[in-house]
Structures are given as structure tokens and as C-alpha cells.
Amino acid sequence: MKKEVLLTPGPSQVPHRVAAAGAAPIMHHRTAEFGEIFARAVAGMKKVYGTEGDVFIIASSGSGAMEMAVVNALSPGDRVVVGNTGKFGERFAQLCRVYGVEVVELVREWGKIVTPEEMDEVLTKEKDIKAVFITYSETSTGIMHPLAELGEVIDRHGALFIVDAVSGLGGLEMKMDEWKVDMVAAGSQKALMLPPGLSFLGVRGEKAWKAVEESKIPKYYYDLKKYRKSMQKSGDTPFTIPVTLVISLDESLKMMFEEGLESIYERHKKMAAATRAGVKALGLKLFSEHLSYVETVLEVPEGMDGKKLSSLITNKYGCRVAGGQDAYKGKIVRIAHMGYVTHHDVLLAISALEMSLKELGHDFELGTGVRAAEEVFLS
Ligand SMILES: *Cc1c(COP(=O)(O)O)cnc(C)c1O
């Protein structure tokens, strides 16, 4: 028999309540009944985003919302700065280039971030930068960017600030208005406790909408003006929205507001602290000093087969974790604790890690990691 706990950085676990809500009979998407649910979901997402601006719900995975930001904010020939701190930062750079946008790419060694000081330097040196793209929580390396500080700098230089918060939103604090972020992309299958299939784009303020009006990149399905018009005219979407996922979203938002957003962020911090205490107690190293609260990335011990380690944790001990990508294949293990995650999941993960390490000959006393994690939960 197989019993698996999903601890990958997307997709993530979905609560029964949320899955069951989505199993209701299909509603038509242009009815008053569905309209009420849709409006409540949009209003709830605005709270999660920390914005008085707009949040659009899109039928796509998270990358769709990233593409929507690019094609609506820019024109061919525009110059932008992209923080390439891993796979997803790289994706923003690729997306921009596909549409003829000139990219000043800040490539960082995996595990490092783009600091506000570095951003200030680049924006002082480079002229005519239309937008800056930053990944909030970079899932390939586990790092998190200080958005408030970056927002301050980018706003001072007059550029648009566009953020990929796909992996963070719902588990990490987001204050779009206060932090002066102009567009924020998110996805359903990370910390929002939903299946894959929906993405979100937050758009705030005059600067962003002016850019949308001026944008000359061709688009049809992702045309933000169509979405805004539908929203204003009839409170719906230009194309058929996955109604079942929106009903599930309404339920996951209910759960989130029952717990309280602040409590959710605290819970994620606690999960991160407990996981990290467990990992360190086993004599392993964390991959970065900038790790976010939704994911713990650890270094595979010198000389150990990292692919085997991930495979044992996942296939033998039933905690599905992610290995490294690109040059870090076999070098790191990524344990996500985003969304529907409590101490149950963290203790299972550390226990699975311990048993797998033991099998591969790592020297430590069984239970050391679990005990360290338990101590964090009891503190
Ligand atoms: C998961 C993820 C995405 C989007 O991936 P999709 O597969 O398109 O949903 C984008 N950025 C980050 C940081 C992610 O973690």
C-alpha cells in the first residue's frame, strides 16, 4: 500500500473541505449565483494581496499570470531589469525576450538574492528602465527577497515593480500597496491550498494602468483590458473561468480568514523554524541564509548520492520532496511547508529524512532531528 504526503513546492496539499467544495454540481459561469461566489473570491484575494487595487483571476498555471504581466506592462524595445536568482527569475527574463523586450539581467549565484543596495546601483547606472522583475520566493533555491525595501528603491527610480509571488502568496505576508508593488502574479497550487489551474494578477495604481494603456505587445487571451472591462461591466471574466476551482478558492479563503492571515504567516515561520532545527540537528547545512518561510532547502552531505536521498525520502518513506534543478541536481533537497501544512507534516518529513540518511550511512543518532523539531513546536 502506498500513502504519500505531498511536500513539494507546488503542487501542494489541498484540504478536504476545499476539494469537496469543488465537487459540487457545475454552475454556469454567467449566473447571479456564481457571480456572488466570484465577487467574494476576488474581494478575499484583495485582502491576501494587501491591495485596494484590482486582482484578476485567470485560467492558467502561475506562469500564465507572469506572461500576462509582461505582455500588458511592456512594449517591444522597452528596457527592463530582471533579478535572475534561479529558475523562475530566469523565466521572467525569457518571457521578456520572447516579446522583444531588452533585459538587463542580474544573474545571481543560486542561493543569493538581489539586495536593495544593488538594485539602487543598477537603477542609478542604467537609463530608461521601464520595469523591474523580482521573484518573491524563488522556489528553485528557496530564497526570499525583501520586497518592502526593494519597492522603496524601485519606486524612487520611477520604474514599475513587478513581482512573481506564485510560491509565496498565501503563506508569506504580501502588502502590495504599502510595499509599492505595481503588479503581482500568483498561482493556486502553492500556498493557497488549491489544485493547479488558477492564476492571479494583482494590478495597482495609475502607473500600472498607464503602462497597460501604452503597451504595444500583441495579445488576445491575456489582454488585461478585456478582463478589466468584464469585471467593471458584469463582474465576471472575458472567457470561461474554471468554476469548480473558483468555488474551491472561495472555500480556501474562508479557511484562511478563519485562521487569520497573521496567524497563517506565523504558522509558516514556525514550520520553517522547526524544519530547519531538525535539518541542522542532523548535521546538515541549509542551502542559503536567505531561505523563505515556505520552503527549506538543504545541502546533501558531501559524498552522498543526492538523487538517492530524495528518492528514499519520497518513494520509500512517503514524503514527496523535490530535488535540485539544473546544476543542483543531486546536490540539494527541497522540503516545502506551504499552505495546508502543520507539525504533522514537518515531523513526518524530518523522520523520513532521518531514516533515509541512516540508510545512506550518515552518522547521527536516530531521533535527533525529530527531537529538535519537536522542541521548536513546544517552545
Ligand atoms: C510554481 C512557480 C511558478 C509557476 O509555475 P507554474 O507551473 O506555471 O504554475 C512561478 N514562479 C514561482 C516562484 C513558482 O514557485
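A salt bridge is here a side-chain nitrogen of Lys or Arg within 4 Å of a carboxyl oxygen of Asp or Glu. The legends below refer to a predicted model.

**Figure 1. Salt bridge between K130 and E214**. The closest N and O atoms of K130 and E214 are 3.9 Å apart, so the pair meets the 4 Å limit. Distant parts of the chain are linked by this contact: K130 belongs to strand β5 (residues 129-135) and E214 to helix α7 (residues 205-214), with the two positions 84 residues apart in numbering. K130 is partly exposed, at a relative accessible area of 23%, and E214 is likewise partly exposed, at 37%. The structure as a whole holds 29 salt bridges.

**Figure 2. Further salt bridges, including the pair within helix α13**. R371 and E375 meet through their side chains at 4.0 Å, N to O. Because R371 and E375 are four residues apart in helix α13 (residues 368-378), about one helical turn separates them. R371 counts as exposed, with 54% relative accessibility, whereas E375 counts as partly exposed, with 47%. In another pair, the side chains of E259 and R267 form a salt bridge with an N to O distance of 2.7 Å. E259 is partly exposed, at 33% relative accessible area, while R267, at 16%, counts as buried. A network of salt bridges joins R17, R40, D250, E251, K254 and E258.

**Figure 3. Surroundings of the ligand**. Among the 14 residues around the ligand, those that come nearest are S61, S63, T139, D164 and K190. Oxygen atoms of the ligand lie 2.5 Å from a polar side-chain atom of S61, 2.3 Å from a polar side-chain atom of T139 and 2.7 Å from a side-chain N or O atom of K190. The ligand taken alone exposes 380 Å², of which the protein buries 87%. Helices α3 (62-73) and α4 (87-98) are the elements that give two or more residues to the shell, and α3 supplies the largest share, three residues. By class, the shell comprises three nonpolar, eight polar and three charged residues.

**Figure 4. Strand β14 and its pairing partners**. All five residues of strand β14 (residues 332-336) are buried. I332, R334 and A336 point one way from the strand, and V333 and I335 point the other way. In a regular strand, side chains alternate between the two faces of the sheet. Strand β11 (residues 295-299) pairs with β14 in the antiparallel sense over five bridges, with E299 opposite I332. Strand β13 (residues 322-323) also pairs with β14 in the antiparallel sense, over two bridges, and G323 stands opposite V333.

Technical notes:
Residues numbered from 1 in each chain as written. Predicted model: local features only at pLDDT ≥ 70, side-chain atom pairs only at ≥ 80, totals over all residues. Heavy atoms only, no water. Buried < 20%, exposed > 50% of the residue type's maximum accessible area, 1.4 Å probe, protein only. Pairing = 2+ DSSP bridges. Near = heavy atom within 4 Å. Polar contact = N/O pair within 3.5 Å; in protein donor to acceptor, adjacent residues only side chain to side chain. Areas by Shrake-Rupley, 256 points an atom, 1.4 Å probe, with all protein chains shown as cover. Nonpolar A, V, L, I, M, F, W, Y, C, P; charged D, E, K, R; others polar.
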